[in-house]
Amino acid sequence: MATAENLRDLIVTVLDEHKALDIKTIDVRQQTDITDYLIIASGTSDRHLKALADHVMARMREEGVRPLGKEGLNVGDWALVDLGDVVVHVMRPEVRDFYQLERLWGELPQLRGQNERH
């Protein structure tokens, strides 16, 4: 079974390969028992968000990891994939600006494996 860190790094790679924008990884292990890492990324359109979430889920299935939950795949502004140790949020940039999840979690460490693509 893959570690949380391996999953985190693999998810960041998948998102980057599929042109996700402004990928951020936040270590929340000291703040919650719900998950270890949040990964937040932006997509350029409703279709792009769904494709990013689908690619993450497909790659995780290859690793033997099934999502505990998924939300928003048919809505278009924000999709969430709960993989247990890692929770992935893919959002339209304007929705991300509105909710500011990175700010909500405060000054938590942003880890290696984060990429920014503009």
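**Reading a chain, one feature at a time**

Colleague: I've clicked on His55, which is found in helix H2. Is His55 buried, partly exposed or exposed?

Modeller: One thing before that: this is a predicted model. Now the general idea. Buried means under 20% relative accessible area and exposed means over 50%, with partly exposed in between. His55 has a relative accessibility of 32%, so it counts as partly exposed.

Colleague: Okay, and which residues is His55 in contact with, leaving aside its neighbours within four places in sequence?

Modeller: Val14 and His18 are in contact with His55 once those sequence neighbours are set aside. Take the His18 pair: the two residues are 37 apart along the chain, and their C-alpha atoms are separated by 8.0 Å.

Colleague: Val14 belongs to H1, as one of its residues in the contact with H2. How do I read a pair of helices like that?

Modeller: In general, two packed helices are described by the angle between their axes and the distance between the axes. Here, H1 covers residues 4-17 and H2 covers residues 46-62. Their axes come within 9 Å and cross at roughly 135 degrees. That angle makes H1 oblique to H2.

Colleague: Is the crossing left-handed or right-handed?

Modeller: H1 passes H2 in a right-handed crossing.

Colleague: And which residues make the contact?

Modeller: On the H1 side, find Leu7, Leu10, Ile11, Val14 and Leu15. On the H2 side, look for Leu52, His55, Val56, Arg59 and Met60. So your His55 turns up again, as part of this contact.

Colleague: How do those residues divide into nonpolar, polar and charged?

Modeller: Eight are nonpolar, one is polar and one is charged.

Colleague: Let's zoom out. How many helices and strands does the chain have?

Modeller: Four helices and five strands. To read the order, start at the N terminus and walk along: α-β-β-α-β-β-β-α-α.

Colleague: What about the chain as a whole, in terms of burial and surface?

Modeller: The chain has 118 residues, and 42% of them count as buried. Its accessible surface comes to about 6,600 Å², with 48% of that belonging to carbon and sulfur atoms. You can also ask how contacts span the sequence. Take contacts between residues at least 6 apart: 60% of them join residues at least 24 apart.

Colleague: Now loops. Where is Ile34, and is it buried or exposed?

Modeller: Ile34 lies in the loop between S1 and strand S2, which covers 37-42. Its relative accessible area is 69%, so Ile34 is exposed. Try picking out Val86 as well: Ile34 and Val86 are 52 residues apart along the chain, and their C-alpha atoms are separated by 9.3 Å.

Colleague: I've been looking at backbone angles too. Which residues have a positive phi although they are not glycines?

Modeller: Two to look at are Lys19, with a phi of about 65 degrees, and Gln100, with a phi of about 45 degrees. Next, see where they sit. Lys19 is in the loop between H1 and strand S1 (21-27). Gln100 is in the loop between helix H3 (93-99) and helix H4 (101-104). As for accessibility, Gln100 has 33%, so it counts as partly exposed.

Colleague: Last stop, Pro93. Which element is Pro93 in, and what does it touch?

Modeller: Pro93 lies in helix H3. Its relative accessibility is 33%, so Pro93 is partly exposed. Leave aside its neighbours within four places in sequence, and Pro93 is in contact with Ser42 and Gly43. For a distance to check on screen, use Asp77: it is 16 residues from Pro93 along the chain, with their C-alpha atoms separated by 8.8 Å.

Note on methods
Residues numbered from 1 in each chain as written. Predicted model: local features only at pLDDT ≥ 70, side-chain atom pairs only at ≥ 80, totals over all residues. Heavy atoms only, no water. Axes fitted to C-alpha atoms, helices over the stretch in contact; angles between N-to-C directions. Helix = DSSP H or I, 4+ residues; strand = E, 2+ residues; numbered from the N terminus. Parallel < 35°, antiparallel > 145°, perpendicular 65-115°, else oblique. Left-handed = near helix turned anticlockwise from the far one by under 90°. Contact = heavy atoms within 4.5 Å. Nonpolar A, V, L, I, M, F, W, Y, C, P; charged D, E, K, R; others polar. Buried < 20%, exposed > 50% of the residue type's maximum accessible area, 1.4 Å probe, protein only. Areas by Shrake-Rupley, 256 points an atom, 1.4 Å probe, with all protein chains shown as cover.
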